[in-house]
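Got the viewer open? Load the model, keep the selection box handy, and follow along from stop to stop.

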Amino acid sequence: MYQFLTGPLLWLSFLIFFIGLIVRVVWYVRGLSWQMDRVAYTKHVSHGIKGALRSIIFWLLPFGTRRWKTRPAMTILFFVFHIGIVITPIFLLAHNIILKERWGISWATLPGPVADTLTIAVIVSALFLVLRRIAFSEVRILTSAYDYLLLAITVAPFFTGFLASLKVAGYPFWLYAHIISGEIMLIAIPLTKLSHTVLFFMSRGQLGMDYGIKRGGMKGRGLAW
Amino acid sequence: MPEGLLCNKTPVDTMEQLQALLNDRRGVTYYEEMDQLDVDQKALATAIQNTCKSRLRTWLEICAHCGLCADACPYYLVNDKDPKQVPAHKIQSTLGEIVKRKGDVDNAFMQYVMDTAWSRCTCCNRCGMYCPFGIDMGIMFGYVRGLCFAQGFVPWELKIGSGMHRIFRAQMDVTQEDWIETCKWMEEEQEDDWPGLKIPIDVENADLLYTVNAREVKHYPEDLAEAAILFHIAGENWTVASEGWEATSLSMFAGDWAACKMQVETVYESFKRLKPKRMITTECGHMYRATVLEGPYWAGFESGQPPVECIHYVEWVGEALRTGKLKIDPARKIKEPVTYQDSCNYIRNGGLGDVAREIISYVAEDFREMSPCREHNFCCGGGGGLNGIGRYRPQRNKGLEIKRDQILATGAKIVVAPCHNCWDAIRDLEEVFHIDISWSFLKPLLLSMVEVPEHLKPEED
Ligand code: HEM
Ligand code: SF4
Ligand code: SF4
Ligand code: SF4
């Protein structure tokens, strides 16, 4: 069972994850049209790149944009949630040990307490994301079961992994649950709107190019995001 | 009755069609016919298939449903934070549904889409600045308007407006003769006060080719005279075109892309004919958006640039003040508190926020920024064609509240609004709410304080 879960199934998950995300990016770029989008993407490359980078970088900086400044609570929630999601699995000691055993490679790892804190932070911030979906009417109207499902898929590997790492009663169950939920997440990322993992950069980059090339980028100082 | 006589899927290309629509007062019959109009679901599905590509589909798909765009939208704010006014909801419940159902929608649904695309969104593009993914509902509603137009679900005034462009290449029924006559008339009017003043028509190789809004010609021709006087004082070598003189585009508000193309091509044709160094628009926001920013794409220019460098009126004013072509008498600067209406179309979407401030520093002593301002400013409340649509007057008037409160918070008495739509909206705002403000284009303000060189003054006898 363990062999299968961490062998073929893991491979399959990673395959779907990487190929899926590449397909997403390729499909996105191929679907752009200078005439239909009304942005001369390829004719003003330096303005385009500048606009795209500004659009991406300011939004990746906590409090880097007016939106992030005027909504501090949501900003903290968002960054804590995402930093936890992205950093923890990649730099987790346990994951690196497995990598080392399998392929002989590994990289920097997080100290145990830091990893634990990040994991708990993901779980707690997800809880708050659920609460705001229930509490705020402007979010409620947009929310459907699908949004909760995706939050569950995202948080499950963290929740189960945390319990497994505590070696609580029923350890094998939590370990299997962790591996399976992790694989579900990997598969879900390219197939659902979690594909924003790459499409965030595409979409932000595109709007940045739109402003950089057409909507004032050549005349003003660049949009104050 | 699938297709009405007035409300149908055929754009207005003839005087007869146009007259029939105009005769239908306030579009009463037009909207009655709309209730019977069939949706061509196949055509809608095909249009989606062919034109709703990765950018739009990605926006629809990856929306995190986070609600961060909600309070970016003026209509959400003024309507007591009605969740139905959340930009993401507005687009998901219209375009999102059309895509999901592959065009399988009915008449009532299309009327909801039309009402949403024109009365709950002015395509001001503000929400796109507040969405972490950069999902721009303004762009999407622009697209939706195109789908609606093709199906005949378009507000009566805009069906007429796009027809005007198709027939007159102007947003109103102003013919080439009317235009030239107005130029001559305005020139003659100035004979006594401004000896030697000309409104040069069709001069080749001029430094500036000036384009106007037909509204000026029809309703306030003095605007043209003021422009001429300022060019005269500044010593500009300028001209207007006898054909292609009008550069607005109600067809853009209507979503009539074919008419947009016809209109800008007529303007660009005049560039070819007259070979000016630069083109300058009058004080109009959407004209700049249509002819300078979007037009090159409608015309099929891969460079995305108009054939001749184009500037907005404020750019010229900034330049003229900076270089001393226009000199302001400091004693005549405005003393009362002044604020500036940042037009979405050339500030947010045109990057001209700085030059607007530069101008104000020359003309006003007590300038007060609205909050928020520059590219973050709220739409005047009448953009995207909304000002002119009778069916949505209550929604438009509600939307003005946000601008009213912004202006009141500054304490300003004068609102400088170098955009026709903004100017109209602020005039209506004063009419509805009586907050005791005045509003102005730049031209009359400049004329009230500019220093006139001795040699241009009429000789005393
Ligand atoms: C590094 C790349 C990523 C970026 C730039 C990014 C960006 C964003 C943005 C801008 C939002 C919308 C704002 C919000 O709701 O807080 C969002 C939401 C979300 N992201 Fe990501 N994301 C990334 C990776 C991921 C990954 C890898 C996952 C999980 C597998 C994920 C899961 C989520 C979820 C579940 C939400 C919705 C939160 C809610 O319910 O409000 N993201 N992301
Ligand atoms: S801010 Fe963007 S992602 Fe969030 S609900 Fe609005 S459109 Fe969707
Ligand atoms: S474009 Fe402007 S009016 Fe339209 S939904 Fe966005 S913020 Fe509201
Ligand atoms: S009228 Fe002025 S402020 Fe309003 S949408 Fe148009 S440009 Fe923007």
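For the first stop, a residue counts as near a molecule if one of its heavy atoms lies within 4 Å of it. Keep in mind throughout that this is a predicted model.

**Stop one: ligand 4**

Select ligand 4 and bring up its surroundings. Which residues surround ligand 4? From chain B you should get B:Q341, B:S343, B:C344, B:N345, B:C379, B:C380, B:G383, B:C419, B:N421 and B:C422. Two elements of chain B each give two or more residues to this shell: helix 17 (344–348) and helix 20 (420–433). If you turn on a pocket display, look for ligand 4 in the second largest pocket.

**Stop two: strand 5 of chain B**

Now select residues 334–340 of chain B, which form strand 5. Is this strand mostly covered or mostly open? Mostly covered: five of its seven residues are buried, where buried means under 20% relative accessible area.

Next, add residues 364–367 of chain B, which is strand 6. Strands 5 and 6 of chain B run parallel and pair over three bridges. To see how they line up, label B:I334, which stands opposite B:A364 in strand 6 of chain B.

Then add residues 414–416 of chain B for strand 7. Strand 5 of chain B pairs with strand 7 in the parallel sense too, over three bridges. Here the residue to label is B:T339, whose bridge partner in strand 7 of chain B is B:V415.

**Stop three: backbone oddities in chain B**

Switch to a backbone view and go to B:P372, in the loop between strand 6 and helix 19 (393–410) of chain B. Check the omega angle of the peptide bond from B:S371 to B:P372: that bond is cis, with omega near -5°.

Two further residues are worth a click for their phi angles. B:R26 sits in the loop between helix 1 (15–23) and helix 2 (28–34) of chain B. Phi of B:R26 is near 55°, a positive value in a residue other than glycine. With a relative accessibility of 64%, B:R26 counts as exposed.

Now jump to B:K81, which you'll find in the loop between helix 5 (74–78) and helix 6 (87–100) of chain B. Phi of B:K81 is positive as well, near 50°, and again the residue is not a glycine. How exposed is B:K81? Its relative accessibility of 47% makes B:K81 partly exposed.

**Stop four: chain A and the iron site**

Hide chain B and show chain A as a cartoon. Chain A has 12 helices and zero strands. The C-alpha trace of chain A spans about 65 × 40 × 35 Å along its principal axes. Of the 225 residues in chain A, 45% are buried.

Finish by selecting ligand 1 and zooming in on its iron atom. Which side chains coordinate the iron atom of ligand 1? They are A:H82 and A:H196, each through NE2, at 1.9 Å. A:H82 lies in helix 6 (residues 72–91) of chain A and A:H196 in helix 12 (residues 196–214) of chain A, so the pair ties together parts that are 114 residues apart in sequence.

While you're there, try the angle tool. The iron atom of ligand 1 has six donor atoms, with angles of 85 to 178° among them, and its site is octahedral. For comparison, the ideal angles for six octahedral donors are 90 or 180 degrees. As a last click, color A:H82 by accessibility: at 25% relative accessibility, A:H82 counts as partly exposed.

Notes: Residues numbered from 1 in each chain as written. Chains lettered and ligands numbered in written order. Predicted model: local features only at pLDDT ≥ 70, side-chain atom pairs only at ≥ 80, totals over all residues. Heavy atoms only, no water. Buried < 20%, exposed > 50% of the residue type's maximum accessible area, 1.4 Å probe, protein only. Helix = DSSP H or I, 4+ residues; strand = E, 2+ residues; numbered from the N terminus. Pairing = 2+ DSSP bridges. Donors = N, O, S within 2.8 Å, 3.2 Å for Na, K, Ca; no water. Tetrahedral: all angles 85-135°; square planar, octahedral: opposite > 155°, others 65-115°. 1 Å grid on protein atoms, 1.4 Å probe; cavity = no way out; pocket = protein on both sides within 12 Å on 5 of 7 lines; lining within 4 Å. Sits in = over half its atoms within 2 Å of the grid points.
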